[in-house]
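Thank you all for coming. I would like to spend a few minutes on one model, starting with the overall fold and then going into two local details.

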Amino acid sequence: MKKYITVFTCIYLILLSACSNNKTTTNEYPLFWTWLDYRPTMNFDSICRVLNETGIDGLILNASSPDEYRQAIPVANKYGIEVYAWLWTMNLEHDRDSILKVHPEWLSVNRNGQSLADTTAYVGYYKFLCPAIPEVREYIKNKIRAYCEVEGLNGIAIDYHRFVDVILPTTLWPKYGIVQDREYAEWDFGYHPAMIEKFMQKHAYDPRELEDPSTDEKWLQFRCDQITEVANEIADVVHSYGKKMAASPFPTPAMSRQMVRQDWNKWNLDIVFPMVYHNFYTEDISFISDCTIENVQTKNPVTTLYCGMMAPNDLTVIDCMDAALNNGAEGIAIFTINNLKDPNVRKAFKAYSDSIKAHKGQLTEKATAANQTEVNDSPFEKSGIMNLIYNKIASQIELPEDEIELDEFRLIDEYGATKRYEVTEKNSNTTFDVAFYFYGGILSGWDVKRKDVN
């Protein structure tokens, strides 16, 4: 443990000496957060005690009603924990069945004309609403008002405030038996008649008549703007109650714009918890660094930037937090505390969080992209990713990993967010197709396939 504390101290002495290239915010928000589902039958007092003992003092809590928050908040406050209501907006959750029954016409429609009222996109709980419908907006705002009226609730953190993923994170493609190297009609949503009509009033053409609507910048931006309008209407409601407005969007504004039609740097947020889940994308911690560097440069200047990350149940969780805080994040949110099962990992997390909190004043003034101000988009300069590629190649041929010898990577195709290379393993004379995906300009996925295997 002493070794970890020494490392943490050195890291943050370096961080505190950095100069800022981007306006940062001064805040009194908790530094360490977790997302958590609430159930009235759970021992919530015990859970809050674990949060406190781990160093987490902010809670993004998903409860099914305002009354459940009224039960939970006094318990959390006893341990000095702030509570934000974790609310799904464009995707239905606790109210899913009732809205599907009463208002199926509110559901989003894809490029093929299929409505989520009677079709499935990936999973059954994906029931997204159309943001262009005035009644949908009012329904969402009324729901927000009900939660804002809960005494002691510190803020609202919206989630699923977007369209269906037109591009899923790359590690999920095998689960659904798909390859999304470009936008395909089945997953391209936002074609509700109300949306089309509103777009045509502004731009005087129907995007459905284009040869490839996915390439039309006006159509993309219009859908992003509809989501932004609703986000900022929600923010107006939240702020009118004197509470803070937060959101959990996709990893960077540019990625989220392309993948789910979110322009979250245009939202009037007090706090943002971008979901930088590296294991969903490149599986390498460099993804966290890249996204954080990008977010520092492109976020709304008045918004406090956190980094949302998966919580591995080992000490790599420390490396993940370093990658965020060393590059300008002002705090951490983990998904979730339940993943930190090892007592030693929790102790290390607590030592880390204590070290950060001890320097809180300086960190809020000096938080910056200390080591790098531009994203390195070359996969060949990222040792973690190249090691993973070597491992994948070794698993597909009968050679030990240390005997793998690759010749030069040859670029053979480039389209959209995709770059494809060929590379030959010399000892087996086996050629591989290696694809890299750059959504929003960030290296956000890769794949390896043998050329001689279908």
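Let me begin with overall dimensions, because a compact globule of 454 residues would have a radius of gyration near 22 Å, and the 23 Å of the protein chain agrees with that. Please keep in mind throughout that this is a predicted model. Taken along the principal axes, the C-alpha atoms fill a box of roughly 70 × 65 × 45 Å, and 57% of the 454 residues count as buried. The chain has 14 helices and 13 strands, and of the contacts between residues at least 6 apart in sequence, 71% join residues at least 24 apart.

The first detail is a hairpin, formed by β12 and β13 with two residues between them, where Gly440 in the turn has a positive phi of about 65 degrees. The two strands run antiparallel and are joined by eight bridges, and if you look along them you will find Phe436 with Trp446 in β13 as its bridge partner. Strand β13, residues 442-450, is mostly covered, with seven of its nine residues buried.

The second detail is Lys127, which sits in the loop between α4 and α5. What is the nearest side chain of opposite charge to this buried lysine? That side chain belongs to Asp118, but it is 7.4 Å away, and Lys127 has no salt bridge. A polar atom of the Lys127 side chain does, however, lie 3.2 Å from the backbone oxygen of Thr119. Beyond its neighbours within four places in sequence, Lys127 is in contact with several residues, among them Met90, Leu92, Arg96, Leu100 and Leu116.

Note on methods
Residues numbered from 1 in each chain as written. Predicted model: local features only at pLDDT ≥ 70, side-chain atom pairs only at ≥ 80, totals over all residues. Heavy atoms only, no water. Buried < 20%, exposed > 50% of the residue type's maximum accessible area, 1.4 Å probe, protein only. Helix = DSSP H or I, 4+ residues; strand = E, 2+ residues; numbered from the N terminus. Pairing = 2+ DSSP bridges. Lys, Arg positive; Asp, Glu negative; His and termini not counted. Salt bridge = Lys/Arg side-chain N within 4 Å of Asp/Glu carboxyl O. Polar contact = N/O pair within 3.5 Å; in protein donor to acceptor, adjacent residues only side chain to side chain. Contact = heavy atoms within 4.5 Å. Rg over C-alpha atoms; globule rule 2.2 N^0.38 Å.
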